[in-house]
Amino acid sequence: MSQSTGEIADLIARTALRDRIAFRELYRRTSAKLFGVTLRILGDRAEAEEALQEVYVKIWQRADRYAAGGYSPISWLVAIARNHALDMLRARRPFAEDIEQAIEIADLGPDPERAAVEADERARIDACLGELEGDRAEAVRGAYLDGFSYEELAARHKVPLNTMRTWLRRSLIKLRECLSA
Amino acid sequence: MSVDGEQGGGEDGDRVRVAEFALGLLPAQEHEALARRLATEPALARELALWRRRFSGLDSEFAEVTPPAGVLERVEARVFPQPAARSSGLWNSLGFWRGLAATCFALAIVAGGFALAPRPPLTGQELVAALEAEGSNIKFVAFYDEAAGMVRIAALSGDAAPNKDFELWAIHGTSPPVSMGVIPVGSKSDIAVPAAMRPGFVAGTVLAVTLEPKGGSPSGAPTGPVVAKGATTAI
């Protein structure tokens with residue numbers, strides 16, 4: 001994946017310039033990944049397909065907001081797909097909310113090697129999650145990868161809701177220490 | 001929202017809330033309240049960027065699943081403007097473009113720049129484009145004179161960005177953008193168009209300006225955000 005990172009960044013930049021061929025190529029190269037994201041979070045093929053369509057409409061409309069920063073282009077695309085899927089989940093939950101601004105990703109400044117960044121982030125989060133107790137790391141991953149709410153996490157891990165909140169918050173504090181070390 | 005000690009105020013409290021925000025765990029009201037704070041508190045926004053970047057290390061765990069056929073076609077039907085729909089409005093009015101071209105010249109004369117002096121008889125076509133983009137205060141007007149083989153471009157508004165340059169691109173049809181070099185802000189410039197590129201300059205050629213590292217895109221392809229763009233029209 002990392003070898004193609006620069007190419008994906010170029011395709012996003014060309015999409016921002018309304019280059020339709022580049023947009024098609026971007027879809028060809030990335031749609032399986034983004035469908036994997038919407039499908040995992042929404043758990044329903046028809047909904048995931050509808051979400052994927054909306055996600056690429058957003059990518060076409062917002063490609064010019066991609067700033068080449070210390071953020072991998074694939075992660076930028078995954079964030080759009082993930083946030084859109086979470087948005088759909090929230091709409092189903094009792095309290096609907098707007099997470100539109102969650103799509104904005106700050107430019108982290110001058111870009112280091114993007115591919116190296118990708119591998120680096122992976123190793124770092126793995127190492128830091130590895131320092132947490134197994135079920136707590138699993139809860140963090142469940143929130144990020146599956147879009148589970150506190151209620152769903154509590155049910156899956158068979159603990160009271162407040163226990164899950166406490167677990168997760170303590171885990172996040174530990175994670176933060178480890179991740180910024 | 002103070003059911004337990006972890007969620008008290010203070011730096012850790014904020015940090016945890018931002019992490020919960022990034023994961024999508026906050027209930028609606030809290031989420032919205034934090035979104036408002038994120039918009040005005042740079043330290044919190046940096047914290048969010050940090051969490052996002054760190055969590056993105058998990059992205060490789062999303063398995064690839066080939067989507068059903070037909071999604072791309074539906075996306076394209078929505079985002080690519082249909083030819084029939086682009087016939088009306090100020091943007092397509094010849095009068096508007098003539099006016100714009102006149103404005104362009106007036107600006108040029110005021111700036112004391114473009115040689116108004118004996119213009120050669122009209123031997124080639126002339127194209128004009130207004131370059132702007134949503135969310136950007138940067139506007140350019142560009143004029144292509146085929147006879148002179150020049151693109152003349154003037155900034156109408158917008159500020160330079162520190163340690164960044166603006167780079168001009170020409171896009172012919174569906175080909176990749178071709179760099180026309182770095183352009184100054186706050187003044188006009190004449191850019192010679194290489195002879196090989198001239199036949200590509202026809203009405204509909206898109207000119208775009210992107211924000212690039214000092215000295216221009218290192219890769220030869222645009223890397224930064226588009227700050228202004230527009231399609232050329234014959235005058």
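The following paragraphs describe the fold of each chain, the contact between the chains, and the nonpolar cores of a predicted model.

Chain A is built from eight helices and zero strands, so that, by the definition of these elements, the order read from the N terminus is α-α-α-α-α-α-α-α. Of its 181 residues, 46% count as buried, and among contacts in chain A with a separation of 6 or more, 63% are between residues 24 or more positions apart. The mean pLDDT of chain A is 83, with 82% of the residues scoring at least 70. Confidence within this chain is highest in α2(A), at a mean of 96, and lowest in α5(A), at 80. Over residues 95-112 of chain A the pLDDT stays under 50, and for this stretch the model has 43 contacts beyond four places in sequence.

The helix α8(A) can be examined in further detail. At 1.5 Å a residue, its 19 residues should span 27 Å, and the end C-alpha atoms are 26 Å apart, which agrees with that expectation. Buried positions in α8(A) include the nonpolar residues A:Met164, A:Trp167, A:Leu168, A:Leu172, A:Leu175 and A:Leu179, and A:Arg165, A:Arg169, A:Ser171 and A:Arg176 are likewise buried. An α-helix has 3.6 residues a turn, so residues three or four places apart point the same way.

Chain B contains five helices and nine strands, and along the sequence these follow the pattern α-α-α-α-α-β-β-β-β-β-β-β-β-β. Buried residues make up 34% of its 235 residues, and of the contacts in chain B between residues at least 6 apart in sequence, 61% join residues at least 24 apart. Five of the strands form an open sheet in the order β6-β3-β2-β1-β9 (chain B), with antiparallel pairing. At the edges of this sheet stand β6 (188-192) and β9 (233-234) of chain B, each of which has a single partner strand, so one side of each is left without a neighbour in the sheet. Within the sheet, strand β1 (residues 126-131) of chain B pairs with strand β2 (residues 139-145) of chain B in the antiparallel sense over six bridges, and B:Val128 is placed opposite B:Phe143 in β2(B).

Between the two chains, 69 residues of chain A are in contact with 59 residues of chain B. On the side of chain A that touches chain B, at least two residues each are supplied by α1 (5-16), α2 (20-42), α3 (45-62), α4 (73-92), α5 (114-130), α6 (134-146) and α8 (161-179) of chain A. The most is given by α2(A), with 12 residues, and the residues of this side of chain A divide into 36 nonpolar, 11 polar and 22 charged.

The nonpolar interior was then considered. In soluble globular proteins, nonpolar side chains tend to be buried together. The largest nonpolar core in the model has 69 residues, and those with the most contacts inside it are A:Ile12, B:Phe140, B:Ala142 and B:Val209. The largest share of this core, 10 residues, comes from α2(A). When residues up to four places away in sequence are not counted, B:Ala142 touches B:Ala129, B:Leu131, B:Val151, B:Ile153 and B:Leu207. A second, separate core of 31 residues includes A:Tyr144, A:Leu172, B:Val16 and B:Leu26; of these, A:Leu172 is also among the buried residues of α8(A).

Key
Residues numbered from 1 in each chain as written. Chains lettered and ligands numbered in written order. Contact = placed C-beta atoms within 7 Å. Helix = DSSP H or I, 4+ residues; strand = E, 2+ residues; numbered from the N terminus. Expected span 1.5 Å × (residues − 1). Buried ≥ 20, exposed ≤ 12 C-beta atoms within 10 Å, placed from the backbone. pLDDT = per-residue confidence, 0-100. Core = buried A, V, L, I, M, F, W, Y, C linked by C-beta atoms within 7 Å. Pairing = 2+ DSSP bridges.
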